[in-house]
Amino acid sequence: MGKFKLMPAIYLYNGQCVKKDTKDILGDGDAVELAVSYNNHGADSILIFDYSSNDAEHDANIGTVIKMADSVDIPMIVGGNIKRLEDVKKYLYAGAYKIFLDSTKESNIELIEEAAERFGNDKIAIKVDKGYDYENIKQFKYSGVSLVIADGCAEECLKYGLKVLPYNETFAFNDLVEFAKTKKTYGIVESSFDNEFDFFNFKSQLKSEGVNTNIFESSMKFSDFKLNKDGMIPVIVQDYKTDKVLMLAYMTEEAFNMTMKTGKMTYYSRSRDEIWVKGMTSGHYQYVKELTMDCDKDTMLAKVRQVGVPCHTGADTCFFNNIVKEDYDNSNPMKVFEETFNVILDRKKNPKDGSYTNYLFDKGIDKILKKVGEECTEIVIAAKNPDPQEIKYEISDFLYHVMVLMVEKGVSWKDITTELSRR
């Protein structure tokens with residue numbers, strides 16, 4: 001049985017976050033910022049409704065979904081404007097974990113089997129409204145649906161063997177506990193889950209009532225750690241995406257327990273002699289992604305999502321006072337790609353006379369595509385040559401021109417690596 005998930009809903013119209021019933025812009029309309037807030041506060045997933053009514057609005061919403069997928073770590077279930085299989089593919093390629101079809105649209109029902117065969121049953125959900133002929137849910141199970149999003153009809157939908165996600169339905173706490181313990185429940189989408197809702201705390205409450213929720217549970221006790229003479233453990237803090245070392249701090253048992261409970265890195269300030277939630281004053285919180293102890297159990301490594309900067313000086317790391325440095329090969333492949341990409345991006349923004357890169361940008365997309373094609377052909381020819389040096393040169397030329405194309409089309413290496421990791 002999977003863990004019971006707490007999910008907020010985000011409604012998109014013309015690329016912006018809107019209110020459910022009126023389509024009025026919610027706050028400043030920044031759906032990405034809202035999604036990040038949900039992620040940081042402990043939501044397990046996000047249900048996203050695409051309220052578009054034409055292709056331009058649809059594309060704007062797809063663009064926002066892509067940005068959301070790049071910015072959060074939690075899965076997204078997306079649907080709302082699916083007319084053909086291509087729309088299913090767009091949502092999934094944008095970063096959706098699942099898509100949902102609408103049972104009120106006959107065209108969506110007809111897409112179920114084809115979509116499931118193309119992308120897998122685990123990617124397909126169906127939204128069912130109150131009053132629907134629930135007997136049809138039996139057929140959905142065999143057609144390729146893995147989840148029913150029940151709009152006000154969760155109890156009715158539970159009878160038919162598929163996982164159920166209640167939507168547009170309010171439970172008293174005790175009723176929610178009992179519902180969550182039901183074998184076929186997937187989670188709940190609740191309107192009260194706003195951007196400041198403390199998902200970690202609520203999931204802890206559900207856990208204490210016997211509900212299987214996704215909370216931080218340490219595999220080690222604090223008493224297992226080898227503490228320093230002050231009863232603390234040093235914590236090396238690292239960015240979970242870049243592996244950059246951000247800072248060093250110390251934890252007491254109370255700070256450790258608070259970190260586990262809240263999902264926010266909490267330390268003990270030796271200078272102030274008090275518990276210190278990192279970011280409480282500055283807003284530069286550190287959200288836990290992974291905690292690991294070293295071989296001697298006397299030092300912790302924390303991988304975090306850093307909001308803002310970690311250092312009180314405004315630096316992006318506390319380690320910037322160089323003592324000694326010897327020249328060494330720092331040609332990390334991803335770093336080289338990023339640096340080269342950034343040079344090309346700078347040429348686009350700040351043209352330089354005589355620059356070959358600017359020559360390509362000036363000539364436009366057809367010239368760039370022609371060069372990409374030519375360099376691809378050169379790779380094929382070089383691959384037939386027994387000398388490996390030639391193919392290295394040609395691949396380098398090809399990658400350079402591909403990066404020019406990426407800049408021209410607004411695609412970053414992060415976009416590419418994210419897409420590769422999804423596959």
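How are α10 and α13 oriented to each other? This question is taken up in Figure 1, and the legends below all refer to a predicted model.

**Figure 1. Packing of helix α10 against helix α13 in the predicted model.** Helix α10 spans residues 333-349 and helix α13 spans residues 388-409. Their axes lie 9 Å apart, and the packing angle is about 55 degrees. An angle of this size is outside the ranges for roughly parallel (under 35 degrees), roughly perpendicular (65 to 115) and roughly antiparallel (over 145); α10 and α13 are therefore oblique to each other. The crossing in which α10 passes α13 is right-handed. From α10, the residues Phe-337, Thr-340, Phe-341, Ile-344, Leu-345 and Lys-348 take part in the contact. Their counterparts in α13 are Leu-399, Tyr-400, Met-403, Val-404, Met-406, Val-407 and Glu-408. Sorted by class, the residues of this contact comprise 10 nonpolar, one polar and two charged.

**Figure 2. Crossing of helix α3 with helix α4.** The view shows α3 (residues 85-94) and α4 (residues 106-119), whose axes come within 10 Å of each other. The axes cross at roughly 40 degrees, and α3 and α4 are therefore oblique to each other. The passage of α3 over α4 is a right-handed crossing. On the α3 side the contact involves Leu-85, Val-88, Lys-89, Leu-92 and Tyr-93. On the α4 side it involves Leu-111, Glu-114, Ala-115, Arg-118 and Phe-119. Seven of the residues in this contact are nonpolar, none is polar and three are charged.

**Figure 3. The open sheet of eight strands.** The strand order is β3-β2-β4-β5-β6-β7-β8-β9, and the pairing is mixed. At the edges stand β3 (16-18) and β9 (163-167), each of which pairs on one side only. From one strand to the next, the twist averages 30 degrees. Helix α1 (residues 31-40) lies across β2 (9-13), β3 and β4 (46-50). With respect to β2, helix α1 runs at about 170 degrees.

**Figure 4. Strand β5 and its two partner strands in the eight-stranded sheet.** In the strand order, β5 is placed between β4 and β6. The strands β4 and β5 run parallel and are joined by four bridges. Within this pair, Ile-48 stands opposite Val-78 in β5. On the other side, β5 (residues 76-79) pairs with β6 (residues 98-102), also in the parallel sense, over three bridges. Here Ile-77 stands opposite Lys-98 in β6. Which residues cover the two faces of β5? Met-76 and Val-78 lie on one side, Ile-77 and Gly-79 lie on the other, and all of these are buried.

**Figure 5. The surroundings of Val-145.** Val-145 is located in the loop between α5 (136-143) and β8 (147-151). The relative accessible area of Val-145 is 4%, and this residue is therefore buried, the cut-off being under 20%. Neighbours within four places in sequence being left aside, the contacts of Val-145 are with Ile-112, Asn-121, Ile-124, Ala-125, Ile-126, Phe-140 and Leu-162. Cys-311 is 166 residues from Val-145 along the chain, and the C-alpha atoms of these two residues are separated by 48 Å.

**Figure 6. The open sheet of four strands.** The order of the strands is β12-β11-β16-β15, with mixed pairing. The edge positions are held by β12 (245-251) and β15 (286-293); each has a single partner strand, so one side of each lacks a neighbour in the sheet. With direction ignored, neighbouring strands are turned by 30 degrees against each other on average. Strand β11 (residues 233-239) and strand β16 (residues 300-306) run parallel and are joined by five bridges. In this pair, Val-235 stands opposite Met-300 in β16.

**Figure 7. The protein chain as context for the close-up views.** The chain contains 14 helices and 16 strands. Its C-alpha atoms fill a box of roughly 70 × 65 × 45 Å, taken along the principal axes. Of the 423 residues in the protein chain, 44% are buried. Among contacts with a separation of 6 or more, 56% are between residues 24 or more positions apart.

Note on methods
Residues are numbered from 1 along each chain as its sequence is written. This is a predicted model: local features need pLDDT of at least 70, side-chain atom pairs count only at pLDDT 80 or more; totals for chains, interfaces and linings use all residues. Side-chain values use heavy atoms; hydrogens and water are left out. Axes are lines fitted to C-alpha atoms, for helices over the stretch in contact, and angles run from 0 to 180 degrees between N-to-C directions. A crossing is left-handed if the near helix is turned anticlockwise from the far one by less than a right angle, and right-handed if clockwise. Contact means heavy atoms within 4.5 Å. Ala, Val, Leu, Ile, Met, Phe, Trp, Tyr, Cys and Pro count as nonpolar, Asp, Glu, Lys and Arg as charged, and the others, Gly among them, as polar. Two strands pair if DSSP finds at least two bridges between them. Buried means under 20% relative accessible area, exposed over 50%, partly exposed in between (1.4 Å probe, protein chains only).
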